[in-house]
Amino acid sequence: VDRFLHSYSLVAQDLPAEQLQRLQELFSSAVEEHTRLLAQVQGATLVPPELESRLGSLISRFQLYLREARAVCTQSWARFHPLRMLGGCTLIAASCLLCYVASELAAASDSFYRSCLLYPLLWGLMVAVLLGLACAFTQEGLDLLLVSSWAAAASQLGFFWHWWGQHPKRARLAGSQPPLASIGQRQRLQAWLGLAFPMSILLFRCGAMFSDSFVVAEARVAPFLLASLVMLLVGKLHWDGRLTVPEGPRQQLLGFSSYRREIWYLLCLVAMLLVCVRLSGFFHQCREEIPQCRPSLFLSPLASLRNTRAKNLFYLLCVALLAGLVYAVRSWLRHYGNLNSSDPLVLFVRWGFPLVVLCIACYWAVASSADDSLGKLQELVQVAVVAFPWAVYGLASMGLLLLLCNPMTVFAKDTRESAGSIVTPYLGVPSSEVDFLHVIPQIYKRMQESQKSRLERGSCKATIAAYGLGSVYSAALVIALTLLGFLLMLLHSERLSLAFLLLFLEAFVLLHIHTHARGLAGDAEPFSVPWYAVISWLLAASQFFYSTGHQPIFPAIHWNAAFVGFHLDHSTNLLPAVLVGANTFASHILFAVGCPLLLLWPFVCEMPGSQKRKPRKEHREELQEVEEHMMEMRLRESPGKFSTALLHLGLKYLFVLGTQLLACVCAAMILRRHLMVWKVFAPKFLFESLGFMVSSICLLLGISLVMRVDCAVSTWFRHLQLR
C-alpha cells in the first residue's frame with residue numbers, strides 16, 4: 001500500500017500532500033517498531049513477557065495506517081452523498097407517481113388540470129424564488145441543484161395535495177351512482193389484468209438494471225422483452241375471446257370455434273415484427289466484457305472495404321433503400337390525398353425529398369472513394385465532402401421550417417356544378433373509334449357528378465371536397481420523421497441505413513398491431529392509448545439504440561459524427577456535441593417525435609367495415625345517410641378530449657421513461673461499491689439520463705407539432721366558413 005501511494009502521488013496530484021506525509025510518518029514509525037521487535041526476538045534466548053502486548057500494539061498501528069490510507073483514497077476517489085442520492089431517487093419516484101396518477105385520470109375538467117398542474121408549478125417557482133432570496137440575504141453560495149430540488153418537491157407536494165383534496169369528491173360521486181357491483185368489479189378486474197401484463201414486462205426491464213450481466217447483454221434483453229410483450233398481447237386477446245366469432249348453435253354442437261378473418265392479418269404483422277427483431281441483431285456493437293463477440297460488418301464505413309465490387313454493391317443497396325423510403329412515404333401521402341395541393345410543403349415533399357436523397361448519395365460516393373481519388377481531384381473531393389452534408393442540412397432545415405410555417409397538406413376543391421362544357425377537348429388524331437372512347441366516359445362521369453351535385457344541394461350538404469384532411473396530423477409527423485431520418489442516416493455509416501429501414505418498418509408494424517389489437521378488443525375509448533402500446537414503443541427505441549451500432553460505454557461512441565460536413569476542427573464544442581448526441585440517441589429521437597402516432601394511427605386506419613350499416617331505404621335517403629369516413633377529423637369533434645388524450649399519452653411515455661431511469665439510478669446508488677460500478681453501472685446511468693433528457697425534449701417537440709397542426713386546421717376551417 002505504501003509503495004502504491006508513493007508511485008500514485010508521482011503521477012497524479014489529487015491526494016492531499018499533508019495527509020500523504022502523515023501516512024508516511026505513521027508507516028515509517030510502525031516499520032521501525034517492527035524491525036526492533038524482530039531484532040530483539042532473534043538475539044534473545046528467552047522471549048520477553050511483554051512481547052505479546054507490544055505485538056498487539058504494533059498490529060493496531062498497522063491497522064490504523066490501513067484505515068487512514070483507505071479514508072484518504074475514499075475521500076479523493078469515491079465521494080458519495082447518500083442523503084442527496086436518496087433525495088434524488090425520491091424526487092424521480094414522486095415524478096413517476098405523478099405521471100401515472102395524472103395519466104390515469106379520466107376526462108377531467110379544465111379547472112382540475114389548472115389546480116393540479118398549473119398551481120403546483122407556481123408553488124415550485126415561488127419556493128425557488130424564496131430560497132434564492134434567502135441565499136442572497138444570508139450571503140451564502142447559491143446551490144442551484146438544491147434550490148431546483150426543493151422547487152420540484154414543492155410543486156409535487158402541491159399536485160398531490162390538490163389531487164387528494166378532490167379524490168374524496170370523486171369517491172362520493174361514485175358512491176351516489178346506482179349499484180352495478182358485478183359489472184363494475186368485472187370491468188375493474190379486466191382493467192387490472194390488461195394493466196398487469198405490460199407492467200410485468202416493464203418490471204422485468206427495470207429489474208435487469210440491477211445485474212451487470214443483464215446490462216452487458218441488454219442488446220438481447222430489449223428485443224426479447226418486446227417480442228414477449230407482443231406475444232402476450234395476442235395471448236390475452238385469445239384468452240378474452242376476441243379472436244373468435246360468437247358461437248352459434250352449430251359451433252356449440254360441434255364443439256369448436258371459428259376465428260375471425262382479422263386474426264390472420266394480425267398474425268402476419270406479429271411475424272413481420274419478429275423478423276425485424278431478428279434482423280436488427282446484425283447491427284450490434286460489441287463490448288469488451290464479451291471477448292467472443294465480433295462486431296457487425298455493417299458498422300464500418302464503405303471506405304474500409306478493399307473489394308471494389310462489394311463496395312459498389314453495398315453502395316447501390318444503400319441508395320436504393322433511401323429511394324425506397326422516399327417512394328414509400330410519398331405513396332402513403334398520395335394514398336391519403338396529402339400530395340394534391342400546390343403548397344410549398346407539398347412541393348418540397350415532391351421535389352425536395354429526391355434532392356435530399358441525391359445529396360446523401362453523392363456524399364456517400366465521395367466519402368467512400370476519398371482515399372482512392374487521384375491527386376488532382378483531392379482538393380475537389382475535400383470540398384465535396386463538406387458541401388454535400390451542408391446541402392442536406394440546409395434542405396432538411398428548409399423542410400422543417402416549411403412544416404412549422406404551414407403544416408397543412410390539404411387540397412380543397414369546390415364540387416359545385418360548373419357551367420363549363422361537358423366534354424374536354426380531345427387533342428389526338430381524329431378517328432371515330434378513338435373519339436367514342438374519349439367522349440363516352442366523360443359524359444357518364446359528368447352525369448354522375450350532376451346527379452350527385454343535385455342530391456347534395458337537396459340534402460344541404462357541403463360542396464367543398466377536402467383531400468388529405470383525414471390524415472393531416474399524421475402526414476405532418478410522417479414528413480418530420482422522414483426529414484429527421486435523413487439527417488440521422490447522414491450522421492451514421494452508409495450501411496447502417498439498413499438498420500434505419502428496419503426501424504421505420506418495425507415502427508409501422510407496431511402501429512398496425514396496436515390499431516388491429518384495439519379493433520379486435522372492441523375498445524370503446526378511442527382517445528386513450530393503452531399501456532402495452534407505449535411500453536412496446538419504448539422497448540423498440542431501446543432495441544434500435546443497440547441496432548444502430550451503439551452501446552452504453554464511452555469507447556462505443558461514434559466520434560466521427562462530429563466531423564460530418566466539417567473539415568479538421570471546430571471552433572466550439574456545442575455543435576460537435578449536438579452531432580454526436582444526435583448520432584448516439586437517433587432511435588430515441590425518432591420514436592419520441594413519432595409517439596403521437598400511437599394516438600393518431602387508429603383514426604387514420606379507419607376501415608369501411610368498422611362503420612355500422614344503416615337499414616336499406618330509398619336511394620336518395622340512402623345517399624343522405626351514408627356515414628363518411630372522418631378519420632382524424634373525429635378528433636376535432638371533441639377538442640377537449642383530443643388535448644387531454646395528448647396530455648395522457650405524453651404522461652404515460654414519461655412514466656415509462658422515468659421508471660427506467662429510476663431503476664438505473666437506484667442500481668447505481670445501491671451498487672456504488674460494486675466492482676463493476678465504473679465499468680457498467682455508472683456509464684449506463686449516464687447514457688440512460690441523457691437518453692431521458694433527449695426523449696423528453698423530442699416528445700415535447702412531437703406533441704407541439706401536433707398542436708401546431710391543430711391550430712392550422714382551425715384557421716383553415718375559419719377561412720373556409722368565410723367563402
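Here is a short chat between a visitor and a guide about the structure above.

Visitor: What kind of model is this, and how are its residues numbered?
Guide: This is a predicted model, in which local features need pLDDT of at least 70, side-chain atom pairs count only at pLDDT 80 or more, and totals for chains, interfaces and linings use all residues. Side-chain values use heavy atoms, with hydrogens and water left out, and residues are numbered along each chain as its sequence is written, from 1.

Visitor: How many helices and strands are there in the protein?
Guide: Helices (H or I, at least four residues) and strands (E, at least two) are DSSP runs, numbered from the N terminus. Going by that, the protein has two strands, and its helices number 25.

Visitor: What percentage of the residues count as buried?
Guide: Buried means under 20% relative accessible area, exposed means over 50%, and partly exposed is in between (1.4 Å probe, protein chains only). The protein has 723 residues, and the share that counts as buried is 43%.

Visitor: How much of the accessible surface belongs to carbon and sulfur atoms?
Guide: Accessible areas come from the Shrake-Rupley method with a 1.4 Å probe, and for residues only the protein chains shown count as cover. The whole surface comes to about 40,800 Å², and the part belonging to carbon and sulfur atoms is 66%.

Visitor: Which residue meets arginine 54 in a salt bridge?
Guide: A salt bridge here is a side-chain nitrogen of Lys or Arg within 4 Å of a carboxyl oxygen of Asp or Glu, and the structure holds nine of them. Arginine 54 sits in helix α3 (residues 51-77), and its partner is 21 residues away in helix α2 (residues 17-43). Arginine 54 is partly exposed at 25% relative accessible area, while the partner counts as buried at 12%. With 3.3 Å from N to O, that partner is glutamate 33.

Visitor: Which residues do salt bridges that share partners join into one network?
Guide: One pair is glutamate 218 with arginine 205, whose closest N and O atoms are 2.1 Å apart. Glutamate 218 lies in helix α9 (residues 218-239) and arginine 205 in helix α7 (residues 181-207), so this pair ties together parts 13 residues apart in sequence. Another pair, glutamate 688 and lysine 684, meets at 3.1 Å, and both of its residues lie in helix α25 (residues 677-721), four residues apart. The salt bridges with shared partners make one network of Arg205, Glu218, Lys684 and Glu688.

Visitor: How many of the residues of α16 are buried?
Guide: Helix α16 (residues 472-491) reaches 29 Å from its first C-alpha to its last, close to the 28 Å expected (1.5 Å times one less than its number of residues). This helix is largely enclosed by the rest of the structure, because its buried residues number 20 of the 20.

Visitor: Which helix gives the most to the largest nonpolar core?
Guide: A nonpolar core is a set of buried Ala, Val, Leu, Ile, Met, Phe, Trp, Tyr and Cys residues joined through side-chain atoms within 4.5 Å. The largest one has 158 residues, and Tyr473, Phe486 and Tyr653 have the most contacts inside it. The top contribution, 17 residues, comes from α16.

Visitor: Which residues is phenylalanine 486 in contact with, leaving aside its neighbours within four places in sequence?
Guide: Contact means heavy atoms within 4.5 Å. With those neighbours set aside, the partners of phenylalanine 486 are Leu322, Leu325, Val326, Phe353, Val356, Val357 and Ile360.

Visitor: Which helix gives the largest share of the nonpolar patch?
Guide: Patches are made of residues with over 30% relative accessible area and no salt bridge; like charges are joined within 9 Å, and nonpolar side chains (Val, Leu, Ile, Met, Phe, Trp, Tyr) within 5 Å. This one covers about 750 Å², with Leu118, Trp123 and Trp161 among its residues. Leucine 118 is partly exposed, at 40% relative accessibility. Six of the patch residues come from helix α5 (residues 110-137).

Visitor: How far apart in space are alanine 556 and cysteine 286?
Guide: Alanine 556 lies in the loop between α18 and α19, and is buried with a relative accessible area of 5%. Alanine 556 and cysteine 286 are 270 residues apart in sequence, yet their C-alpha to C-alpha distance is 8.3 Å.
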